[in-house]
Structure formats: C-alpha cells, structure tokens
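Take a slow look around this protein chain with me. We will go from strands to helices and then to the charged pairs.

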Amino acid sequence: MSGPNTDYDPVEVTPLKAEEVDAARDAALAAIAGAQDLEQLKQVRLEHAGDRSALALANREIGALPPQARKEAGQRIGQARGAVNKALAERQTVLEAEHEARILVEEAVDVTLPTDRRPAGARHPLTTGAELIADIFVGMGWEVAEGPVIEAEWLNFDALNLGPDHPARTMQDTFWTDPPEDHLVLRTHTSPVQARTMLTTTPPIYVVCPGRVFRTDEYDATHSPMFHQVEGLAIDEGITMGHLKGTLDHFAGAMFGEGITTRFRPSYFPFTEPSAEVDLTCFVCRGSGLKAGSSESCRTCRGEGWIEWGGCGIVNPRVLRACGVDSDRYTGFAFGMGIDRTLMFRHGLEDLRALFEGDVRFTTAFGSEL
Ligand code: PHE
C-alpha cells in the first residue's frame, strides 16, 4: 500500500497495485461490519474513508500515474470507495436503529412502580395529636383559640387569680424574660389563652387552646422545660361541674376508645373553684390495674387502674370578673391537660424526649396518621 505522496514526483510514484486497493477495501468492509455501535463506526469511517485513509490517499495518487494506468486505477479505486461508502451508510442505518431500540428499552420508565426516591415526610405526632384533640372539640361545636408563647405576666398569673404574692406562683417554675420591667414570661400554661378569649369575646364561649408551654424543669424521660398543653374553656349560663365531667368523659372516649373515662379528685387551682385533678382510665390495663393475662400490677398505672391526666374546675368568679365577664349571669368550666403525656399514653411511649428530638425514624412511624 502506498503512503502519502507529498511531492507528487511522477517518476517516484509506484503504480497502485490492484491487490493493495482490494485489500484496503476489504479491510474497510471488515471494520465496518465489525463496528458495534455508532461511536465505533465513527472511528472506522475516519480510518477507512477519512482524508488520511489508504483509499483517499490512493485516490490522490491517481493523477501522478502514467496516463495509461490512470483509467484502470481510477475505476478500481472509485469502485472500492463507493463500496466502502455504501457499507458505511448501511451500517449507520442499522446501528442507528439499534441505538434507538436500545434507548427505548434502557430508558423505559415503568410508571406503575412504587416510587421511594423522595421518601414522603411524616407529620409529627404532636401536630397530628393536637389536631385530633381540636377535631374532637370542633365536633362538639367548639372553636380553636391560640395565644403567644411569650406572654404578659398579668395574663399568665394575675388575671387568673394568681396575684404577685400568691404562693402558687412559685409552684410554676417560670422562665422570666429580660428586662424584668417588661413583665413578660414564657407562658407556664395555656390558661392565659382563657383570659385572652374572655377579654375579647362575649359569652357563650367554647374554646379549646392547644399550645406550647415552658417551665424550668429538668429534661428527662418524663419532664421537659418545653411541653404542650391543651386548655378548654366553656362559659355560658348555667354551666355546671356535670357539663365538665361529661365533656371530659367524651374527650377521653374519643381519644382512647370506648370504656375509657375520667374520675375527679379534689384539688386546688387559683383560677377554678371547686377544682379537681382529672384521672383517666389506664389506657393499657383499661382500668383493671393488672398486667394483661397475669396477676401482676399494670406497669403504666402501677396497679391503680387510673393515670393522672390534668387539672380542671369551675372558673373562679374572680377570674370571670378580671376578664370582663358578668359573673352573676355566667358560669364556666376550664380544664388543662398535657398533650405530650396524652400522646405517651396513646402510643405507649416510654420516653417523653422521643417527641422532641426530631429523629425522623420516630416520626415516620406515625407517618400515615392524619
Ligand atoms: N393551668 C393548669 C396547669 O397548668 C391546668 C388547669 C387548667 C387547671 C384549667 C384547671 C383549669 O397546671
């Protein structure tokens, strides 16, 4: 096979041998047939049909041949190049079709496959729990009220009959904010929302107020300096302790299922009179006090059959008056429970901190709850 003839000296040009042209053609055809994809075919084209391919160089040498040899060489090389170009075009068509077919298979998307590439987040059980509680009350025609977490001292304490010297103030381990003369606290309970509601609405009032509250508690399995309460307030003519008991029994049943009710124990809160602690039928042993199928005590209620749930009572008339409600005409009841505690019972959680630490493995376990 000839190399490039750069100086085109006719004397030095060796006539192109027929076998060399045939060999170049056959090599090209074999390479074309062997090209497995379009990329390989591109290389083959460059090598066997490009400017520097043997046949292209041979073609250039035709002019340097003695005239009598030109015709035959021209024909032979022309045919060889024609055959190569035709084979290239055919192989190109075949490979393109294959390529498209392969894309169709490789890039096919099964739209019926379940997708988990972006795992759906889960709503936090505290959010869904607070909503569930609100829904139970909305179902009875109540409204939902909210208040700020940084609260006026007067609303958190004074309006609720907790004057500056009231001993019960020290029972609520309060976070005070700077500067002290602003008289602002991180609310220690949701009861200031009662006061806010009474100050801004005229009775009858039926509101439920879920929200975050703060106390300078240790952080451990059963305490947290930040937790959640839900407050309820009903003000109307002729409201009695019976309405309170009936409402809380309905709340307990709706939240924990049939057979779960409440019992009251006498207690004291400055803002209610009379006041009671509310206990809930133990959700685990359902009141029996016994561990399922054994004579041992239930671990959750320690054999009591009841668990502490919250506080409640008939709104102290002093609170009604401080908040501008006619205490001769209206009476009311109020209650407050820990939402976190309620959820711990409901979901059998052992450690309160699981609710606050933001571990997605915890929340996704509740993912489907609406
Ligand atoms: N606010 C009280 C507490 O946090 C609970 C309560 C609310 C008691 C309403 C009675 C009435 O302890």
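## Strand S7 and its neighbours

Leucine 280 stands opposite isoleucine 307 in S8. Threonine 272 has its own place across from S8, where it faces valine 315. Both pairs can be found in this predicted model by following strand S7 (residues 272-281) and strand S8 (residues 306-315), which run antiparallel and are joined by 8 bridges.

S7 also pairs with S6: 7 bridges join the two, and they run antiparallel as well. To go from S6 to S7, the chain makes a hairpin through 2 residues. One bridge to look for here is that of proline 266, whose partner in S7 is alanine 276. Is S7 covered or not? It is mostly covered, with 7 of its 10 residues buried.

## The whole sheet

Now zoom out. The sheet is open and has 7 strands, in the order S1-S4-S5-S9-S8-S7-S6, with mixed pairing. Which strands stand at the edges? They are strand S1 (143-144) and strand S6 (262-269); each has a single partner strand, so one side of each is left without a neighbour in the sheet.

A helix can be found lying across part of this sheet. Helix H8 (residues 191-200) lies across strand S4 (205-214), strand S5 (226-236) and strand S9 (331-338), and runs at about 35 degrees to S5.

## Helix H9: one face covered

Next comes H9, a helix of 16 residues. At 1.5 Å a residue it should span 22 Å, and its end C-alpha atoms are indeed 22 Å apart. Its buried residues are Leu244, Thr247, Leu248, Phe251, Ala252, Met255 and Phe256. Seen down the axis of H9, these buried residues fall within an arc of 135 degrees, so they line one face of the helix.

Here is a handy idea for reading such a list. An α-helix has 3.6 residues a turn, so residues three or four places apart point the same way. What do the buried residues of H9 pack against? Their partners are helix H5 (125-138), S6, S7, S8, S9 and helix H11 (339-347).

Helix H5 is also where you will find valine 138. With a relative accessibility of 43%, valine 138 counts as partly exposed. Valine 138 and valine 207 are 69 residues apart in sequence, while their C-alpha atoms are 8.9 Å apart in space.

## Helix H1: two sides

Helix H1 (residues 18-34) has 17 residues, and from its first C-alpha to its last it reaches 24 Å, close to the 24 Å expected. Which residues of H1 are buried? They are Val21, Ala24, Ala28 and Ile32. These residues cover an arc of only 70 degrees around the axis, which puts them on the same side of H1.

Turn to the other side of H1 and you find Glu19, Ala30 and Ala33, which are exposed. The buried residues, in contrast, pack against helix H2 (38-49), helix H3 (54-61) and helix H4 (67-106).

## Charged pairs

Side chains of opposite charge can pair when their charged atoms come close. How many salt bridges does the structure hold? There are 16 salt bridges. In one of them, the side chains of glutamate 151 and arginine 196 meet at 2.8 Å, N to O. Glutamate 151 lies in strand S2 (residues 150-152) and arginine 196 in helix H8, so this pair ties together parts that are 45 residues apart in sequence. Glutamate 151 is buried, with a relative accessible area of 0%, whereas arginine 196 is partly exposed at 30%.

Another salt bridge joins glutamate 237 and arginine 329, with the closest N and O atoms 2.7 Å apart. This pair links distant parts of the chain, 92 residues apart: glutamate 237 is in the loop between S5 and helix H9 (241-256), and arginine 329 is in the loop between helix H10 (317-322) and S9. Glutamate 237 is partly exposed, at 46% relative accessible area, and arginine 329 is partly exposed at 47%.

Lysine 291 and glutamate 296 form a salt bridge too, where the closest N and O atoms are 3.8 Å apart. Lysine 291 is partly exposed at 40%, and glutamate 296 is partly exposed at 47%. Finally, salt bridges that share partners join Asp22, Arg25, Asp26, Glu72 and Arg76 into one network.

Technical notes: Residues numbered from 1 in each chain as written. Predicted model: local features only at pLDDT ≥ 70, side-chain atom pairs only at ≥ 80, totals over all residues. Heavy atoms only, no water. Helix = DSSP H or I, 4+ residues; strand = E, 2+ residues; numbered from the N terminus. Expected span 1.5 Å × (residues − 1). Buried < 20%, exposed > 50% of the residue type's maximum accessible area, 1.4 Å probe, protein only. Arc of directions from axis to C-beta. Contact = heavy atoms within 4.5 Å. Pairing = 2+ DSSP bridges. Axes fitted to C-alpha atoms, helices over the stretch in contact; angles between N-to-C directions. Salt bridge = Lys/Arg side-chain N within 4 Å of Asp/Glu carboxyl O.
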